[in-house]
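Here is a short report for a first look at a structure. It takes up the cysteines, then the ligand.

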Amino acid sequence: MSGAVLLERERLTSGTTWHTAGLLWQLQPSDVEVELLAHTRRVVSRELEEETGLHTGWIQNGGLFIASNRQRLDEYKRLMSLGKVYGVESHVLSPAETKTLYPLMNVDDLYGTLYVPHDGTMDPAGTCTTLARAASARGAQVIENCPVTGIRVWTDDFGVRRVAGVETQHGSIQTPCVVNCAGVWASAVGRMAGVKVPLVAMHHAYVVTERIEGIQNMPNVRDHDASVYLRLQGDALSVGGYEANPIFWEEAVKYRSRAAGGLCLKTSTEKVCAVWSDDLRRA
Ligand SMILES: Cc1cc2nc3c(=O)[nH]c(=O)nc-3n(C[C@H](O)[C@H](O)[C@H](O)COP(=O)(O)OP(=O)(O)OC[C@H]3O[C@@H](n4cnc5c(N)ncnc54)[C@H](O)[C@@H]3O)c2cc1C
């Protein structure tokens, strides 16, 4: 870690991270993702706190995938088998068992659910601060308010382009290695080195409900068919969805607000209702 420098244009978490839902679902169809998520979970829920003495804000309230058709339930059974191989505890529940676990849920049209008790949510600011603290303790430097303005490259004898250094308004840093972690701005940073980053950002909407009696300690919920997630947020829910016909970044920036680096967009009640009609019915 010694010698590593993190250059942040504004403040840490000021990009997408500050408003992420921070949900961690351990069971995914790809075994690579399952391993990566298991590692992330270990780091966020235990190792970072042991190393730094700081709490990352990890909350282990469990995760619940809901199946509203037979095929989806079969997929969840396969995920449960995959979880067994990787040591991820999970249970396929009947609608009645789901109702016992989550009394507020309308389970009338459910085929079943997949319950993963050790899923949870991380606090984005807490996780980022703790990661930065751990990295600094190992010799890394975090420099905020320091945008990267250019990347110097040279071409070696084999015609391969290599990095020579990074330019900022405050000076340059010589380095043969750059990690581009600029999120939705990664394409712009890539272009500085003549690299095309195949990344497309799109508008994502979520709403936070008022207080809901009895919601405390309930698991987070994911409905893959309705493309919606329900994240527990104290005694309320944050409800997010993925539109079938999303607004892409180029279109979205026309409507962006000045707040939060221009990442916040207005959304409409009609749009939210169109995306989440299935889940409004379930509540
Ligand atoms: C509403 C919402 C809900 C989400 N929910 C989840 C979830 O439940 N689970 C999950 O895993 N993911 C979720 N995500 C996705 C997750 O938030 C992102 O994948 C993650 O935050 C990306 O982190 P990042 O560090 O790559 O990017 P960012 O947090 O965007 O960081 C990139 C940083 O690069 C900086 N930067 C840009 N250009 C430059 C430059 N030229 N020089 C220096 N610095 C620069 C920016 O200022 C920014 O701070 C969600 C996202 C949203 C919007």
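Cys 128 counts as partly exposed, at 21% relative accessibility. Cys 177 counts as exposed, at 55%. Keep in mind that this is a predicted model.

How many disulfides does the structure hold? It holds zero. A disulfide is a covalent bond between the sulfur atoms of two cysteines. To count here, the two sulfur atoms must lie within 2.5 Å. For Cys 128, the closest cysteine sulfur is that of Cys 181. The two sulfurs are 9.8 Å apart, so they are too far from each other for a bond.

Now to the ligand. Where does the ligand sit? It occupies the largest pocket. Around the ligand there are 22 residues. Those that come nearest are Glu 8, Thr 16, Thr 17, Leu 23 and Val 148. By class, this shell has eleven nonpolar residues, nine polar ones and two charged ones.

Polar atoms of the protein also pair with atoms of the ligand. The table lists three such pairs.

| Residue | Protein atom | Ligand atom | Distance |
|---|---|---|---|
| Arg 9 | backbone N or O | nitrogen | 3.0 Å |
| Gly 15 | polar backbone atom | oxygen | 3.4 Å |
| Thr 20 | side-chain N or O | oxygen | 3.0 Å |

On its own, the ligand has 1000 Å² of accessible area. The protein covers 71% of that area.

In short, the ligand lies in the largest pocket, and the structure has zero disulfides.

Key. Residues numbered from 1 in each chain as written. Predicted model: local features only at pLDDT ≥ 70, side-chain atom pairs only at ≥ 80, totals over all residues. Heavy atoms only, no water. Near = heavy atom within 4 Å. Polar contact = N/O pair within 3.5 Å; in protein donor to acceptor, adjacent residues only side chain to side chain. Areas by Shrake-Rupley, 256 points an atom, 1.4 Å probe, with all protein chains shown as cover. 1 Å grid on protein atoms, 1.4 Å probe; cavity = no way out; pocket = protein on both sides within 12 Å on 5 of 7 lines; lining within 4 Å. Sits in = over half its atoms within 2 Å of the grid points. Nonpolar A, V, L, I, M, F, W, Y, C, P; charged D, E, K, R; others polar. Buried < 20%, exposed > 50% of the residue type's maximum accessible area, 1.4 Å probe, protein only.
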